[in-house]
Amino acid sequence: MAKLQDAQVDMYEQLPVPYGLVRFGVAPDHPEVKNCQEKFEEVAESPRFTYIGNVKIGADVHLADLKPHYDAILFSYGASEDRRLGIPGEDLKGVYSAREFVGWYNGLPEFQHLAPNLEAGEQAVVIGQGNVALDVARILLTPPDKLRHTDITEQALETLSRSRIRSVNIVGRRGPLQASFTVKELRELMKIDDVAFAPIDRAFYPSELRKLPRVQKRIGEVLLRGTPISDEAQKRQWALDFLMAPVSIESSNDSDHLRSITFKKQAFTPDADPLSPSASVIQTEDKTILPAALAFRSIGYKASDIPGLADLGVPFDHKRGILPNDPSGRLMIPHKGPGTLTAGYVPGLYCAGWVKRGPTGVIASTMEDAFTSADVIVKDWQSGMPFLNTEQGESASTGKGWDGVKDIVTSKGVRPVSWKDWQRIDTAERERGKRIGKEREKFGTIGEMLKVLDA
Ligand SMILES: Cc1cc2nc3c(=O)[nH]c(=O)nc-3n(C[C@H](O)[C@H](O)[C@H](O)COP(=O)(O)OP(=O)(O)OC[C@H]3O[C@@H](n4cnc5c(N)ncnc54)[C@H](O)[C@@H]3O)c2cc1C
């Protein structure tokens, strides 16, 4: 909007509330990360911006109904599915995806009925070694009193305060130099009171750590130091287990609740450099069994198709779980026409965020990426590239935007939520929080959110 002075932007969001994973993914004890919401608020103040919450594209309104009213559509609907392990026992009771557990403690309506059983035993296993896995472990091991003033839901706090979990193993297929967690998240886990971490095997690292790249060196120093604790009686612990791939999840004979996870040891391939971040591994026949009362698979999020995309000429890339795009964010028809990229553009369609680059990257990198996509829209517009409804070089869009779509949505009984509406929900959540000494207490259902607007 800053670069095209006449541009109007409508933003559709399936939930009444904005912010996506910043609200429902980022851990409650990372409030500073959520400051990026201020940037969002700044944009929302513009009279040329319209927020349309509680409207799901592809369900409440079809893309074909949007198309006539816009010159361009940018998809940034994130990655709202999770990858599965594809092993026997994955659906046993007590096995959760990190996505549903994170959504549950952060108040995502979809998962408020999860009711994770944290009293089933003392040992939890997290499969996957990214920052989300570390978030899950940290929430399980942090004394609930330390989370009490964050925006974690009261329901989650209450369940966590009854948790019997004392030990969390975070397991990965490769070694520490290939793991994707970052040093900040690692240090946070190391600092939780009365939670021990045994130093990892020295053999993973070269004799001189200083020869490693800076980031790897810092991670190595933390992992090799470990965290002893003073009070053994209070002891809870966590561990990182490397070179292990899960092959099955087992239950006890008389129950459908998990009891253990069987892993096969992995080994670096003979030609791999174990110090390289891209070192590959092969499976051996050696087995390890970890007892587990709870398991979380944390092997990544995945974007999915939106109904109607194909009709706009966009083939969703199911294999990579992204919308096919050139690196600047223009949607592409892959492999169409040899050589020139322009042959494969879908005019007026763009993407940004995790649906563009895949489910990796922090908010800063996602923002950078979004700026690139916005810049290319401006560039295409200024250079006269064809857009969604271009006919004979002129825009034939109605230019109505949301005004052209509103009746279709409301005729289905859907109640759209404006930015002012969201501000009322926000105020109500903050008031609920204030009464119990928290920054906010989120509403856990869409019904509760909308009820605020009826008052
Ligand atoms: C558990 C977790 C913790 C994280 N912690 C951090 C952290 O501490 N620091 C950090 O920098 N980054 C963190 N990240 C990464 C950060 O959250 C992402 O980089 C960023 O949120 C991705 O933005 P996005 O817009 O692509 O997707 P999202 O944030 O997921 O936004 C997509 C939005 O699209 C909406 N939507 C989906 N489908 C439709 C539809 N059909 N119609 C209308 N709306 C739709 C969704 O409801 C959602 O609001 C974390 C991620 C996760 C998963």
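The shell around the ligand takes at least three residues from domain 1 (9–79 + 302–447) and at least three from domain 2 (81–300), the bounds coming from an automatic or database domain assignment. The model is predicted, so that local features need pLDDT of at least 70 and side-chain atom pairs count only at pLDDT 80 or more, while totals for chains, interfaces and linings use all residues. Residues are numbered from 1 along each chain as its sequence is written, and side-chain values use heavy atoms, with hydrogens and water left out.

In total, 26 residues surround the ligand, a residue being counted if one of its heavy atoms lies within 4 Å. The closest are Glu 13, Leu 21, Trp 354, Ile 363 and Thr 366. By class, 14 residues of the shell are nonpolar (Ala, Val, Leu, Ile, Met, Phe, Trp, Tyr, Cys and Pro), nine are polar (Gly and the others not listed here) and three are charged (Asp, Glu, Lys and Arg). The helices α1 (20–24), α5 (131–141) and α11 (363–382) each supply at least two residues of this shell; helices are DSSP runs (H or I) of at least four residues, numbered from the N terminus.

Oxygen atoms of the ligand form polar contacts, defined as pairs of N or O atoms within 3.5 Å. A backbone N or O atom lies 2.9 Å from a ligand oxygen in Leu 21 and 3.0 Å in Gly 361. For His 30, a side-chain N or O atom is 3.5 Å from a ligand oxygen. Taken alone, the ligand exposes 1,000 Å², and the protein buries 86% of that (Shrake-Rupley method, 1.4 Å probe).

The C-alpha centres of domain 1 and domain 2 lie 32 Å apart. Each domain gives 26 residues to the contact between them (heavy atoms within 4.5 Å).

How values were computed:
Polar contact = N/O pair within 3.5 Å; in protein donor to acceptor, adjacent residues only side chain to side chain.
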